[in-house]
Amino acid sequence: QLLLTLAGHGAPVQSAQFSPDGTRIATAGFDTTVRVWDAASGQELYAISDFLTPGTLVAFSPDGKILATDGEEVPRDSGR
């Protein structure tokens, strides 16, 4: 049974991870964005999109306060 659809990535999602408390879902997509969603409503809470390479993995710290990804950030002065 489908419970929730997370709509927002412009390309396939490579990784999804629930926060330790189950209230958020983080996704990393081939559209070079990492997005964090409310797990109950599916509403996007925020997105990080300044990556040069697609993030393929996301992971929350055990306390849920830190989110890690393997995407390479684009330097702010790069003109992109």
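The following paragraphs go through the strands of this predicted model and then its salt bridges.

Strand 2, which covers residues 24-29, is a suitable place to begin. Six of its six residues are buried, so the strand is largely enclosed by the rest of the structure. This holds for both of its faces, since Arg 24, Ala 26 and Ala 28 are buried on one side, while Ile 25, Thr 27 and Gly 29 are buried on the other.

On either pairing of strand 2 the sense is antiparallel: strand 1 (residues 13-18) pairs with strand 2 over five bridges, and strand 3 (residues 34-38) likewise pairs with strand 2 over five bridges. Thr 27 takes part in both descriptions, for Ala 16 stands opposite Thr 27, and Thr 27 in turn stands opposite Arg 35 of strand 3. The hairpin of strands 1 and 2 has five residues between the strands, and there Gly 22 takes a positive phi near 80°; in the hairpin of strands 2 and 3, with four residues between the strands, Thr 32 takes a positive phi near 65°.

Arg 35 leads on to the salt bridges, of which the structure holds two. One joins the side chains of Asp 31 and Arg 35, with an N to O distance of 4.0 Å, and the other joins Glu 44 to Arg 35, where the closest N and O atoms are 2.8 Å apart. Through these shared partners, Asp 31, Arg 35 and Glu 44 form one network. The surroundings of its members can also be stated: Asp 31 is buried, Arg 35 counts as buried because its relative accessible area is 13%, under the 20% cut-off, and Glu 44, at 31% relative accessibility, is partly exposed.

How values were computed. Residues are numbered from 1 along each chain as its sequence is written. This is a predicted model: local features need pLDDT of at least 70, side-chain atom pairs count only at pLDDT 80 or more; totals for chains, interfaces and linings use all residues. Side-chain values use heavy atoms; hydrogens and water are left out. Buried means under 20% relative accessible area, exposed over 50%, partly exposed in between (1.4 Å probe, protein chains only). Helices (H or I, at least four residues) and strands (E, at least two) are DSSP runs, numbered from the N terminus. Two strands pair if DSSP finds at least two bridges between them.
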